[in-house]
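How does one get from a computed value to a word such as buried, tilted or capped? The questions and answers that follow take a few such words in turn and set each value beside its cut-off.

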Amino acid sequence: MLTTQKISTTRLAEVFRQIDFAPREKYGPHSHHRLEINYVRRGSCNLRVKDSIVTFKKDDLMVIPSGMTHTFEAGLRGARLIQLEFMPELFSDIMNGSGLNPGHTFHPRKLLTVRSNVRIKNLLQTIIWELQHREEGFRHIVISGYLQLLILLLRENMSDTTPAPYPPILSSIMQLMDSSEPCDTDIAEIAARLNITTRYIRKLFATHIGTSPSRYMLDRKIERVKELLANTDMTLKEISSQCGFSSARHLNACFTRIMGYPASKHLG
């Protein structure tokens with residue numbers, strides 16, 4: 001029988017919330033000691049881990065292990081996530097207090113992806129609601145929820161349902177794009193180098209990323225613009241030339257379309 005007195009962890013979660021991300025909003029790269037669980041309630045997102053990118057859509061769930069460096073990017077229409085983060089030792093404490101086999105403790109070493117598991121989603125919502133409202137007996141409900149969550153994640157981990165990342169050809173395309181300066185990226189040149197057509201590249205991006213190669217490259221340009229605005233004293237005219245825009249006015253128009261405000265707001 002599970003006894004909450006045996007749980008030594010005093011903080012049941014560092015993050016417990018529902019959060020919205022704007023279209024193409026990025027966060028990272030970063031890592032932390034906490035175990036991170038995100039359920040995609042609406043929209044889509046990409047998670048980059050090392051040289052791999054995994055796409056998550058509505059009703060998908062990701063479990064990011066402690067210490068894993070990752071970069072999050074919301075999809076073309078944004079994303080709404082249910083987030084729960086806690087110290088990984090919590091699962092060990094709960095297992096020790098449950099009377100179950102201690103050898104079943106969940107210590108993920110790789111990204112775990114779960115597709116459309118309603119039971120896990122409902123558990124996350126229950127745990128977060130109880131943590132937010134803290135009504136009488138909430139601790140017992142939360143720890144019971146964690147135990148159920150642990151068992152369901154163990155089942156998913158044993159089934160090894162983590163999908164493969166993007167197709168190798170798409171990964172090669174994106175690596176070529178990411179290894180060159182945004183202003184020097186030429187989709188026709190990449191297609192010729194890989195002996196494929198530009199039409200096939202556009203199809204790969206539409207199918208697996210939900211956007212076009214030109215939009216992907218524009219996003220890279222905007223990220224470069226933001227870096228230069230934050231870390232240099234260059235003028236918009238100088239930045240526009242370096243990043244492949246025809247003029248400062250063109251840069252501002254593209255920046256406003258992507259970010260919702262003009263690049264000139266960063267100056268001064």
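**From values to words**

Just after helix 5, asparagine 195 takes a positive phi of about 60°. This comes from a predicted model, and the turns below begin with that residue.

Q: What makes the phi of asparagine 195 worth a remark, and where does the residue lie?
A: The phi of asparagine 195 is positive, about 60°, although the residue is not a glycine. Asparagine 195 lies in the loop between helix 5 (187-194) and helix 6 (198-208).

Q: Why is asparagine 195 called exposed?
A: The word exposed asks for a relative accessible area over 50%, and asparagine 195 has 72%, so it counts as exposed.

Q: How do you know that the buried residues of helix 5 line one face?
A: In helix 5, the residues Ile187, Ile190 and Ala191 are buried. Seen down the axis of helix 5, these buried residues fall within an arc of 100°, and therefore they line one face of the helix. On the other side of helix 5, the residues Glu189, Ala192 and Arg193 are exposed.

Q: What makes aspartate 186 a cap of helix 5?
A: A side-chain oxygen of aspartate 186 lies 2.9 Å from the backbone nitrogen of alanine 188. A polar contact needs an N or O pair within 3.5 Å, and with its 2.9 Å aspartate 186 caps the N-terminal end of helix 5.

Q: Which residue caps helix 2, and at which end?
A: Asparagine 117 caps the N-terminal end of helix 2, where one of its side-chain oxygens lies 3.2 Å from the backbone nitrogen of arginine 119.

Q: How do you know that the span of helix 2 is close to what is expected?
A: Helix 2 (residues 118-133) has 16 residues, and at 1.5 Å a residue the expected span is 22 Å. From its first C-alpha to its last, helix 2 reaches 23 Å, which is close to that expectation.

Q: Which residues of helix 2 are buried, and how are they placed around the axis?
A: In helix 2, the buried residues are Ile120, Leu123, Leu124, Ile127, Ile128, Glu130 and Leu131. They cover an arc of only 165° around the axis, which puts them on the same side of helix 2.

Q: What follows helix 2, and is that residue buried or exposed?
A: Helix 2 is followed by arginine 134, whose phi is positive, near 50°, and this arginine is found in the loop between helix 2 and helix 3 (138-159). With a relative accessible area of 55%, set against the cut-off of over 50%, arginine 134 is exposed.

Q: Why is the pair of phenylalanine 21 and phenylalanine 72 called tilted?
A: The structure holds three aromatic pairs, and one of them joins phenylalanine 21 and phenylalanine 72, with 4.6 Å centre to centre and 50° between the planes. Ring centres must lie within 6.5 Å to pair, while planes under 30 degrees apart count as stacked and those over 60 as edge-to-face; the angle of 50° belongs to neither of these, and the pair is tilted.

Q: What does this pair tie together?
A: Phenylalanine 21 lies in strand 1 (residues 15-21) and phenylalanine 72 in strand 6 (residues 70-86), so the pair ties together parts that are 51 residues apart in sequence. Buried means under 20% relative accessible area, and that word fits phenylalanine 21 at 13% as well as phenylalanine 72 at 7%.

Q: How do you know that lysine 221 lies over the face of phenylalanine 245?
A: The distance part of the rule asks for a charge within 6 Å of the ring centre, and lysine 221 is at 5.2 Å from the ring centre of phenylalanine 245, over its face.

Q: What makes glutamine 83 buried, and which residue does its side chain contact?
A: Glutamine 83, placed in strand 6, has 5% relative accessibility and so counts as buried. A polar contact of 3.4 Å joins its side chain to that of asparagine 38.

Q: Why is the peptide bond from glycine 28 to proline 29 singled out, and which strand holds the proline?
A: The peptide bond from glycine 28 to proline 29 is cis, with omega near 5°. Proline 29 is found in strand 2 (residues 26-30).

Methods: Residues are numbered from 1 along each chain as its sequence is written. This is a predicted model: local features need pLDDT of at least 70, side-chain atom pairs count only at pLDDT 80 or more; totals for chains, interfaces and linings use all residues. Side-chain values use heavy atoms; hydrogens and water are left out. Helices (H or I, at least four residues) and strands (E, at least two) are DSSP runs, numbered from the N terminus. The expected span of a helix is 1.5 Å times one less than its number of residues. Buried means under 20% relative accessible area, exposed over 50%, partly exposed in between (1.4 Å probe, protein chains only). The arc is that of the directions from the helix axis to the C-beta atoms. A polar contact is a pair of N or O atoms within 3.5 Å; within protein, one must be able to donate a hydrogen and the other to accept it, and residues adjacent in sequence count only if both atoms are side-chain atoms. Rings of Phe, Tyr and Trp (its six-membered ring) pair if their centres lie within 6.5 Å; planes under 30 degrees apart count as stacked, over 60 as edge-to-face and the rest as tilted. A charge sits over a ring if NZ of Lys or CZ of Arg is within 6 Å of the ring centre and within 35 degrees of the ring normal.
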